[in-house]
Amino acid sequence: MATPNLTKPTRITATEAARNFSDLLNRVKYQNESFEIERSGICVAMLSSANTEIATPALTGEHLQKLPPLPTADDRFADDLEEVVREQHCEIPSDPWES
(Lines give C-alpha, C1' and ligand atoms only; values in the text may rest on other atoms or scores of the structure.)
Protein backbone atom coordinates (compact mmCIF):
# COMPACT_ATOMS: atom_id res chain seq x y z
CA MET A 1 0.00 0.00 0.00
CA ALA A 2 1.26 3.49 -0.82
CA THR A 3 2.12 5.98 1.88
CA PRO A 4 -0.73 8.47 2.36
CA ASN A 5 0.03 12.14 1.80
CA LEU A 6 -1.66 13.78 4.79
CA THR A 7 -0.25 17.28 4.23
CA LYS A 8 -2.46 19.95 2.73
CA PRO A 9 -1.64 20.61 -0.93
CA THR A 10 -0.05 23.95 -1.83
CA ARG A 11 -2.36 26.07 -3.97
CA ILE A 12 -0.76 27.64 -7.04
CA THR A 13 -2.05 29.35 -10.17
CA ALA A 14 -2.03 27.66 -13.56
CA THR A 15 0.49 30.29 -14.70
CA GLU A 16 2.85 29.39 -11.83
CA ALA A 17 2.44 25.69 -12.65
CA ALA A 18 3.27 26.25 -16.32
CA ARG A 19 6.33 28.37 -15.55
CA ASN A 20 7.70 26.00 -12.89
CA PHE A 21 6.50 22.60 -14.09
CA SER A 22 9.88 20.84 -13.91
CA ASP A 23 10.51 22.16 -10.39
CA LEU A 24 7.00 21.11 -9.30
CA LEU A 25 7.55 17.58 -10.61
CA ASN A 26 10.81 17.35 -8.66
CA ARG A 27 9.09 18.58 -5.48
CA VAL A 28 6.32 16.01 -5.96
CA LYS A 29 8.77 13.17 -6.58
CA TYR A 30 11.51 13.94 -4.05
CA GLN A 31 9.74 15.92 -1.32
CA ASN A 32 6.31 14.22 -1.51
CA GLU A 33 4.57 17.59 -1.98
CA SER A 34 1.23 18.01 -3.73
CA PHE A 35 -0.34 21.00 -5.43
CA GLU A 36 -3.81 22.32 -6.19
CA ILE A 37 -3.74 24.21 -9.48
CA GLU A 38 -6.26 27.01 -9.74
CA ARG A 39 -7.60 29.12 -12.54
CA SER A 40 -9.59 32.27 -11.71
CA GLY A 41 -9.50 31.28 -8.03
CA ILE A 42 -11.08 27.85 -8.60
CA CYS A 43 -9.16 24.60 -8.17
CA VAL A 44 -9.16 22.85 -11.55
CA ALA A 45 -6.47 20.18 -11.10
CA MET A 46 -4.26 18.36 -8.61
CA LEU A 47 -0.59 17.49 -9.01
CA SER A 48 0.56 14.75 -6.67
CA SER A 49 2.69 11.62 -6.67
CA ALA A 50 1.34 8.60 -8.49
CA ASN A 51 2.78 6.52 -5.62
CA THR A 52 0.90 8.39 -2.91
CA GLU A 53 -2.69 8.20 -1.73
CA ILE A 54 -4.47 11.49 -1.19
CA ALA A 55 -6.07 11.73 2.26
CA THR A 56 -9.75 11.31 1.44
CA PRO A 57 -12.46 11.07 4.11
CA ALA A 58 -12.71 7.33 3.44
CA LEU A 59 -8.94 6.85 3.80
CA THR A 60 -8.87 8.98 6.95
CA GLY A 61 -11.73 6.89 8.34
CA GLU A 62 -9.75 3.70 7.67
CA HIS A 63 -6.77 5.11 9.59
CA LEU A 64 -8.98 6.23 12.48
CA GLN A 65 -10.47 2.73 12.77
CA LYS A 66 -6.97 1.34 13.33
CA LEU A 67 -6.39 3.59 16.38
CA PRO A 68 -6.99 2.18 19.85
CA PRO A 69 -10.33 3.21 21.40
CA LEU A 70 -10.44 6.43 23.37
CA PRO A 71 -11.16 6.18 27.10
CA THR A 72 -14.73 6.91 28.13
CA ALA A 73 -15.69 9.46 30.76
CA ASP A 74 -16.63 8.07 34.14
CA ASP A 75 -19.80 8.95 36.07
CA ARG A 76 -18.10 11.84 37.90
CA PHE A 77 -16.89 13.64 34.77
CA ALA A 78 -19.76 16.17 34.66
CA ASP A 79 -19.36 16.85 38.40
CA ASP A 80 -15.63 17.44 37.91
CA LEU A 81 -16.32 19.92 35.10
CA GLU A 82 -18.81 21.83 37.24
CA GLU A 83 -16.24 22.00 40.05
CA VAL A 84 -13.60 23.41 37.69
CA VAL A 85 -16.05 26.04 36.43
CA ARG A 86 -16.96 27.01 40.01
CA GLU A 87 -13.27 27.35 40.91
CA GLN A 88 -12.84 29.70 37.93
CA HIS A 89 -15.70 31.83 39.28
CA CYS A 90 -17.64 31.44 36.06
CA GLU A 91 -21.40 31.22 35.80
CA ILE A 92 -22.53 27.69 35.05
CA PRO A 93 -25.02 27.90 32.19
CA SER A 94 -28.39 26.31 32.76
CA ASP A 95 -29.09 23.06 30.98
CA PRO A 96 -31.41 23.88 28.05
CA TRP A 97 -32.75 20.32 28.13
CA GLU A 98 -34.01 20.65 31.71
CA SER A 99 -36.50 23.52 31.21
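Here are some notes on the model, from the overall picture down to single residues.

1. **Confidence.** Please keep in mind that this is a predicted model. The mean pLDDT of the protein is 83, with 83% of its residues at 70 or more. Among the elements, helix α1 (residues 14-19) has the highest mean pLDDT, at 96, while strand β1 (residues 3-5) has the lowest, at 55. I would read any statement on β1 with that value of 55 in mind.

2. **Overall make-up.** The protein has four helices and five strands. Starting at the N terminus, they follow one another as β-β-α-α-β-β-β-α-α. Of the 99 residues, 16% count as buried. The protein exposes about 8400 Å², and 55% of that area comes from carbon and sulfur atoms. If we take the contacts between residues at least 6 apart in sequence, 51% of them join residues at least 24 apart.

3. **The sheet.** Three strands form an open sheet in the order β2-β3-β4, and the pairing is mixed. β2 (10-13) and β4 (42-47) are the edge strands; each has a single partner, so one side of each has no neighbour in the sheet. From one strand to the next, the twist averages 35°.

4. **The two pairings.** Where does the mixed pairing come from? β2 and β3 run parallel and are joined by four bridges, whereas β3 and β4 run antiparallel, with five bridges between them. In the parallel pair, Ile12 stands opposite Ile37 of β3. In the antiparallel pair, Glu36 stands opposite Met46 of β4, and Arg39 has Ile42 of β4 as its bridge partner.

5. **The middle strand.** Is β3 enclosed or open to the outside? Four of its five residues are buried, so β3 is largely enclosed by the rest of the structure. Helix α2 adds to the picture: it lies across β2, β3 and β4, and runs at about 60° to β4.

6. **The nonpolar core.** In soluble globular proteins, nonpolar side chains tend to be buried together. Here the largest nonpolar core has seven residues, namely Ile12, Ala17, Leu24, Val28, Phe35, Ile37 and Leu47. α2 and β3 each supply at least two of the core residues. Ile12 and Ile37, both members of this core, are also the residues that stand opposite each other in the sheet.

7. **Leu24 in that core.** Which residues does Leu24 touch, once its neighbours within four places in sequence are left aside? Leu24 is in contact with Ile12, Ala17, Phe35 and Leu47. Each of these partners also belongs to the seven-residue core.

8. **The loop between α2 and β3.** Two residues here are worth a look. Asn32 lies in this loop and has a phi near 55°, a positive value in a residue other than glycine. Its relative accessible area is 31%, so Asn32 counts as partly exposed. Ser34 lies in the loop too, between α2 (21-31) and β3 (35-39), but this serine is buried, at 3% relative accessibility. The C-alpha atoms of Ser34 and Met46 are separated by 7.4 Å, with their positions 12 residues apart along the chain counted as sequence separation.

9. **The β3-β4 hairpin.** Two residues lie between the strands of this hairpin, and Ser40 takes a positive phi near 55°. As with Asn32, that positive value occurs in a residue other than glycine. Is Ser40 buried or exposed? Its relative accessible area is 76%, so Ser40 is exposed.

10. **Asn51, after the sheet.** Asn51 lies in the loop between β4 and β5 (52-54). With a relative accessible area of 63%, Asn51 is exposed. Its C-alpha atom is 9.0 Å from that of Lys29, and the two residues are 22 apart in sequence.

Note on methods:
Residues numbered from 1 in each chain as written. Predicted model: local features only at pLDDT ≥ 70, side-chain atom pairs only at ≥ 80, totals over all residues. Heavy atoms only, no water. pLDDT = per-residue confidence, 0-100. Buried < 20%, exposed > 50% of the residue type's maximum accessible area, 1.4 Å probe, protein only. Pairing = 2+ DSSP bridges. Axes fitted to C-alpha atoms, helices over the stretch in contact; angles between N-to-C directions. Contact = heavy atoms within 4.5 Å. Areas by Shrake-Rupley, 256 points an atom, 1.4 Å probe, with all protein chains shown as cover. Core = buried A, V, L, I, M, F, W, Y, C linked by side-chain atoms within 4.5 Å.
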